[in-house]
Amino acid sequence: MTTSTPFDPVLFDQDDPARRGEAHGEMWRAEIRELAEIRAALALKKGSFKDRGQLDAIARLHLPLLDNFSAPLAAELRGIARGAAVAPEAVVVLNHYTDLRDVPPSVLEGPCPEDPVVSDTFHDLNTADDPGGCTAVYLPGQGAPVLGQTWDMHGTAEPYVRAIRIKPRGGDDEVVCFTLTGCLGMTGVSARGVAVTINNLSSTDGQVGVVWPALVRAMLACAGAREARDLLLRTRLSSGHHYMIADGREFFGVETSGQLKVVTQHGARAAHLHTNHCFDPVLRRHEAVPKASTSFRRMELATTLYVQQRPQDARALWTMLSSHEGYPRSVCSHIDDAGGDPSASRTCGRMIVDLTRGEVLVGRGCGQVEPPTVVKLDRWRGGHVP
Ligand SMILES: [Zn+2]
């Protein structure tokens, strides 16, 4: 294992969020433009939008909410757009794609995006294919908690997967995120020891909300897991996710739909697993798990693997989350290999955080082929043992 593989995180050390965004946009201009087009095309194919103009208009509705939610993160996202020479709404589509798919076009008719929108029938998710999954696991270890996940999404996204390290020259902040070119961050950990993972959930009560990677970054900027949970609970969302939040002392699992949020898991001394369907009975009434989803199967596989392997540390969890048991519909998912559709969901990477030592294992693609890159947080000051 080496720390000099091509998947080392790219450093952004700008103090000014707008400059940081511009640097990000300039560095990956071509990739951002390609991925924004790929995701816009997928949203049009799989969502209920009339045309690109309507999709862009709905994406634009998310910008004022982002400005109100976090001026620095809004500045960073707009900086990415400037750097990549694309419209800000294109970067919203790129970041918020899985949620946008669940936002009904009727939001354009309302006078104000703050009005709640309830639409249970705007499109039939059961005919849609898998919007992407993710298998997330928290394990208490032997006094050494670990949080990690696979990132399963349209296979055409894999070339755009990156790790980034945001470490402003001034101050003592630092976050390491697994992300895509043009995206603020999808899962990550901060120097204060707060880590967040994500599972997508398909909701029937989508609405205009905070661009979710901005929420992840804001949660990672919190002082602890409890504060991050509270931020999540008071933030207006677009669609469903399950968030795992841990800081070494505390653990919370929060399921959401577009409009509801429920803390479904807590307790840092137990192991927790989640895939892409709700555990909460009320939330289940606001979700539509696509027929093609491997969520229930991966939950079963992950539960069995957990019992068999009893992983105690980050490397053991890496092995578990790279499992080909049941291939191709395995935890390290390869379902596109069978069907031949390059946009079908598969595991595009994984990230695992050792919450005691501030060490991250991160990699792109299949865990059986690609070894993890080991990343240390330079300013680590977490590491509280529960
Ligand atoms: Zn694999």
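Start at Pro328, in the loop between α10 (314–320) and α11 (335–339). The model on screen is a predicted one. Select Tyr327 together with Pro328 and look at the peptide bond between them: the bond is cis, with omega at about 5°.

**The zinc site**

Next, select the zinc ion and its donors. Which residues coordinate the zinc ion? They are His324 through NE2, Cys332 through SG, His334 through NE2 and Cys366 through SG, at 2.0 to 2.3 Å. Along the chain, these donors follow the spacing H-x7-C-x1-H-x31-C. Turn on angles at the metal: the four donor atoms give values of 99 to 122°, and the site is tetrahedral. For reference, the ideal angle for four tetrahedral donors is 109.5 degrees. Display the surface, and Cys332 and His334 both turn out to be buried.

**Helices α1 and α2**

Move to residues 17–27, which form helix α1, and add α2. A pair of packed helices is described by the angle between the axes and the distance between them. Here the angle is about 80° and the axes are 4 Å apart. α1 and α2 are therefore roughly perpendicular to each other. To see the contact, select His24, Gly25, Glu26 and Met27 on the α1 side, and Arg29, Glu31 and Ile32 on the α2 side. By class, this set holds two nonpolar, two polar and three charged residues.

**Helices α2 and α4**

Keep α2 (residues 29–46) selected and bring in α4 (residues 71–84). The two pack at about 105°, with 9 Å between their axes. That angle makes α2 roughly perpendicular to α4. From α2, the contact uses Arg29, Ile32 and Arg33; from α4, it uses Ile80, Gly83 and Ala84. Three residues of this α2–α4 contact are nonpolar, one is polar and two are charged. Arg29 and Ile32 of α2 also appear in the contact with α1.

**Leu42**

Stay on α2 and select Leu42, which is found in that helix. Is Leu42 buried or exposed? Its relative accessible area is 6%, so Leu42 is buried. Setting aside neighbours within four places in sequence, Leu42 is in contact with Gly47, Tyr97, His154 and Ser343. Take Tyr97 from that list and draw a C-alpha to C-alpha distance to Leu42: the pair is 8.6 Å apart in space and 55 residues apart in sequence.

**Two positive phi values**

Go to Ala85, in the loop between α4 and α5 (88–100). Its phi is near 55°, a positive value in a residue other than glycine. Ala85 counts as partly exposed because its relative accessibility is 47%.

Then select Arg310, in the loop between α9 (295–309) and α10. Phi of Arg310 is near 40°, again positive in a residue other than glycine. Arg310 has a relative accessible area of 47%, so this residue is partly exposed.

**Helix α6**

End at residues 212–220, helix α6. How many of the nine residues of α6 are buried? The count is nine of nine, and the helix is described as mostly covered. Selecting them one by one gives Trp212, Pro213, Ala214, Leu215, Val216, Arg217, Ala218, Met219 and Leu220. Arg217 is among the buried residues.

How values were computed: Residues are numbered from 1 along each chain as its sequence is written. This is a predicted model: local features need pLDDT of at least 70, side-chain atom pairs count only at pLDDT 80 or more; totals for chains, interfaces and linings use all residues. Side-chain values use heavy atoms; hydrogens and water are left out. Axes are lines fitted to C-alpha atoms, for helices over the stretch in contact, and angles run from 0 to 180 degrees between N-to-C directions. Angles under 35 degrees count as roughly parallel, over 145 as roughly antiparallel, 65 to 115 as roughly perpendicular and the rest as oblique. Contact means heavy atoms within 4.5 Å. Ala, Val, Leu, Ile, Met, Phe, Trp, Tyr, Cys and Pro count as nonpolar, Asp, Glu, Lys and Arg as charged, and the others, Gly among them, as polar. Donors are N, O and S atoms within 2.8 Å of the metal (3.2 Å for Na, K and Ca); water is not among the atoms, so sites may look incomplete. Four donors count as tetrahedral if all angles lie between 85 and 135 degrees; four count as square planar and six as octahedral if opposite donors are over 155 degrees apart and all others between 65 and 115; anything else is irregular. Buried means under 20% relative accessible area, exposed over 50%, partly exposed in between (1.4 Å probe, protein chains only).
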